[in-house]
Amino acid sequence: SGARRLRQADPQGVADLGSVVLDPASQLPLFAAFRLPQVHYAGLTGAARRAAADIAARFPHSNIAIAPAAGRWLLTETAATLGQPRYWLYEPARHSFAAVLEGERAQDKPLGEAQLAAKYPVAYPASDGRTIRGYLTLPPGRDAAKAPLITVVHGGPWSHFESGYEWFVQWMATRGYAVFQPNFRASTGYGDKFMLAPGTDFGNGRVQRDIIDGVRWLTANGIGDRERMAITGGSFGGYSTLLALTWNPELFRFGLAMVPPPEFARTLADAAAAHLPGEETVPFAVRFDMMGLRFRDEAAMETIRASAPAAHPDRIGRPLVIMAGGKDDKVRLETVTAYVARLQALGKPVSLLVDPDEGHNARNPLVRDAYAYLMASLLHRYLDGPAPAAPAPELKAYLERTMKADGALAP
């Protein structure tokens, strides 16, 4: 008949459909899976509903991937406190679970769950009343009100954080820092209206306010030392870091931005023009139109340009470290170096690392090591954290080769 009907929505009323799990024999749907705030399932048959209830009761704080089979099913368990997955065999007929591959897992010597920090879903009201969601990771054994608060902004902006293990979150939390990860408007996973809500408001507007509103809400509710806060992120998250230090320097003691566009409108224009004939991916120009991002609208782009960090280098008053790639195909290196040069001319405390061989998404493990070392150095200097260990010889040589300016960390 061509009629459409809703078969299954998120029982919690939060998340998009993440995936559908099929019966291996009939290839008919067994489960609808939803990933936020953590993975949960809606059974699509009576037996599947019973299995979903078993799994939810046995793993209330973990994310489970289901691979059904005749007789026994393979379950893969992940969580914020699991540095490596665990595997289980589940027998629906007996409602039983048995751990498997424990010996192989032990060979990699994963950290114990008690050594890692739990990640909590949070929901807070934005300044316009809209509910925004995200995650908060608290350092074990520390008063949450006295813990320094690090805000981590995701890239995209059409992306999102999830509840699983992330090395940099655990790296900071286990050193005594609370970590806030907002899924601001434009984030995926919460429905198309939420994702499309910003339109072109990617200057110092609604999207950025969602992030700042979350920081203020946490401190107003006794989470985080408001005198010791910092912000970090990559790509769009790096741009948000620059915006925060430009327009809300009173909140943050420093920022660490990876591959950030100082001029987001220019980055959008470059991306829209970059599609090559014969490429199989959907051109950015088409994607932007689908997202309601009117990159051809000069007035809309001017709104973004007017509040761009590159247009207001004089407003930066906090230490800033930028990491960039010489082969970045999304953020022009010259826009970053020109921005840093203007900051230096104004006497601003800015450091710049440029890896000439890296692109927008770094592959060299030394980039991660450099991020950790620079973050530890910033935390030590500006948030009273412990001094970082001296870098290993390979990292020391890498830093000497790639650091082009170091006003934020110079003696």
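Which residue takes a positive phi in the hairpin of S8 and S9? In this predicted model, that residue is Gly 129, with phi near 95 degrees, and the hairpin has five residues between its strands. The two strands, S8 (residues 119–125) and S9 (residues 131–137), pair in the antiparallel sense over seven bridges. Lys 119 sits opposite Thr 137 of S9. Thr 137 also has a bridge partner in S11, namely Val 179. S9 and S11 (residues 178–183) run antiparallel, and five bridges join them.

Stepping back, the hairpin belongs to an open sheet of nine strands with mixed pairing, ordered S8-S9-S11-S10-S12-S13-S14-S15-S16. Strands S8 and S16 are at the edges with a single partner strand each, so one side of each has no neighbour in the sheet. On average, neighbouring strands here are turned by 15 degrees against each other, if direction is ignored. Helix H11 packs on this sheet, where it touches S10, S12, S13, S14, S15 and S16, and its direction makes about 170 degrees with that of S13.

Helix H12 comes next. It lies across S15 and S16, running at about 105 degrees to S15. Within H12 (residues 393–402), Leu 395, Tyr 398, Leu 399 and Thr 402 are buried. These residues are on the same side of H12, because they cover an arc of only 95 degrees around the axis. As a rule, residues three or four places apart in an α-helix point the same way, because there are 3.6 residues a turn. The cover over the buried residues of H12 includes S15 (350–355), H11 (365–383) and S16 (403–406). Over on the other side of H12, Pro 393, Glu 400 and Arg 401 are exposed.

As for the interior, the largest nonpolar core has 99 residues, and Met 172, Phe 252 and Leu 320 have the most contacts inside it. H11 gives this core its largest share, twelve residues. Leaving out residues up to four places away in sequence, Leu 320 touches a list of residues that includes Leu 242, Leu 245, Tyr 339, Leu 343 and Val 350. There is also a second, separate core of 17 residues, with Tyr 41, Ile 55, Ile 66 and Leu 75 among them.

Several loops deserve a look too. Ser 235 lies between strand S12 (229–234) and helix H6 (236–247). This serine counts as buried because its relative accessibility is 19%, and the cut-off is under 20%. The side chains of Ser 235 and His 360 are joined by a polar contact of 2.7 Å. Beyond its neighbours within four places in sequence, Ser 235 is in contact with Gly 155, Met 258, Val 259, Pro 260, Pro 261 and His 360.

Two cis peptide bonds can be described as well. One joins Leu 36 and Pro 37, with omega about -5 degrees, and Pro 37 is in the loop between S2 (29–34) and S3 (40–43). Another runs from Gly 156 to Pro 157, with omega near 5 degrees; Pro 157 belongs to the loop between S10 and H3 (167–173).

Positive phi values also turn up in residues other than glycine. His 95 has phi near 55 degrees and is placed in the loop between S6 (86–91) and S7 (96–100). With a relative accessible area of 46%, His 95 is partly exposed. For Asp 384, phi is near 65 degrees. Asp 384 is in the loop between H11 and H12 and is exposed, at a relative accessible area of 59%.

Key: Residues numbered from 1 in each chain as written. Predicted model: local features only at pLDDT ≥ 70, side-chain atom pairs only at ≥ 80, totals over all residues. Heavy atoms only, no water. Buried < 20%, exposed > 50% of the residue type's maximum accessible area, 1.4 Å probe, protein only. Helix = DSSP H or I, 4+ residues; strand = E, 2+ residues; numbered from the N terminus. Arc of directions from axis to C-beta. Contact = heavy atoms within 4.5 Å. Pairing = 2+ DSSP bridges. Polar contact = N/O pair within 3.5 Å; in protein donor to acceptor, adjacent residues only side chain to side chain. Axes fitted to C-alpha atoms, helices over the stretch in contact; angles between N-to-C directions. Core = buried A, V, L, I, M, F, W, Y, C linked by side-chain atoms within 4.5 Å.
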